[in-house]
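Here are my notes on the structure, written as numbered points for reading beside the sequence and the coordinates. Please take them in order, since later points return to residues named in earlier ones.

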Amino acid sequence: MYSLAPSFEQRVWLVLDAIPYGTVASYGDIALLAGHPRAARQVGRILKHLPSHSQLPWYRVIAQQGTISLSGERGATQRDVLRKEGIVISETGRIDMKKYRWRPESTNDARG
């Protein structure tokens, strides 16, 4: 017998797809919303293995402290895309989580 319930990976994809333009979520936020609040690292592994052609907004996921966890070209890409969405990244590399964190219970403007 097959289970019709989505896997944790599939739930992560669904949550990731729901993050609105101009907002961010932490790895822990994604894990919590996908049903496993202590699986932030697993979320990171799932995002690391997204297919290169994926349209999911992986770049909207950052560390709990408001920093970009990625380095090199992927980190630079993430910073560039977030800035294009209007997210301010400080000179020290931080994003204001109080201002930009996605709040799923909010309606249209997640920053309100």
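**Notes on the predicted model**

1. Trp-58 has a relative accessibility of 17%, and because buried means under 20%, Trp-58 counts as buried. Please keep in mind throughout that this is a predicted model. The neighbouring point of interest is Tyr-59, which is likewise buried, its relative accessible area being 16%.

2. How are the rings of Trp-58 and Tyr-59 arranged as an aromatic pair? A pair of aromatic rings is described by the distance of the centres and the angle of the planes. The count of aromatic pairs comes to one. In that pair, Trp-58 and Tyr-59 meet edge-to-face, with 5.8 Å from centre to centre and 80° between the planes. Trp-58 also has a charged partner, for Arg-74 lies over the face of its ring at 4.3 Å from the ring centre.

3. Gln-78, which lies in helix α4, deserves a look of its own. Its relative accessible area is 1%, so Gln-78 is buried. Leaving aside residues up to four places away in sequence, Gln-78 touches Trp-58 and Tyr-59, and also Val-61, Ile-62, Ile-68 and Leu-70.

4. Helix α4 spans residues 72–84, which is 13 residues, and reaches 19 Å from its first C-alpha to its last, close to the 18 Å expected at 1.5 Å a residue. Which residues of α4 are buried? They are Gly-75, Gln-78 and Leu-82. Because these residues cover an arc of only 60° around the axis, they sit on the same side of α4. An α-helix has 3.6 residues a turn, so residues three or four places apart point the same way. Glu-73 and Lys-84, by contrast, are exposed on the other side of α4. The cover over the buried residues of α4 includes β2, and the helix is followed by Gly-86, whose phi is positive, near 90°.

5. Helix α3 can be read in a similar way, with Val-43, Ile-46 and Leu-47 as its buried residues. Seen down the axis of α3, they fall within an arc of 95°, and therefore line one face of the helix. Arg-41 and Lys-48 are exposed on the other side of α3. Among the elements that cover the buried residues of α3 are α1, α2, β2 and α4.

6. In soluble globular proteins, nonpolar side chains tend to be buried together. Here the largest nonpolar core holds 29 residues, of which Val-24, Ile-30, Val-43, Leu-82 and Ile-95 touch the most other members. Two or more residues of this core come from each of α1 (8–18), α2 (27–33), α3 (40–48), β2 (61–62) and α5 (97–100). The largest share, four residues, is given by α1. As one example of the packing, Ile-30 touches Val-12, Val-15, Ile-19, Ala-25, Val-43 and Val-61, when residues up to four places away in sequence are not counted.

7. A last point concerns Asp-96, which lies in the loop between α4 and α5. Is Asp-96 buried or partly exposed? With a relative accessible area of 40%, Asp-96 is partly exposed. Asp-96 and Gln-65 are 31 residues apart in sequence, and in space their C-alpha atoms are 8.9 Å apart.

How values were computed: Residues numbered from 1 in each chain as written. Predicted model: local features only at pLDDT ≥ 70, side-chain atom pairs only at ≥ 80, totals over all residues. Heavy atoms only, no water. Phe/Tyr/Trp six-rings, centres within 6.5 Å; stacked < 30°, edge-to-face > 60°. Buried < 20%, exposed > 50% of the residue type's maximum accessible area, 1.4 Å probe, protein only. Lys NZ or Arg CZ within 6 Å of the ring centre and 35° of its normal. Core = buried A, V, L, I, M, F, W, Y, C linked by side-chain atoms within 4.5 Å. Contact = heavy atoms within 4.5 Å. Expected span 1.5 Å × (residues − 1). Arc of directions from axis to C-beta.
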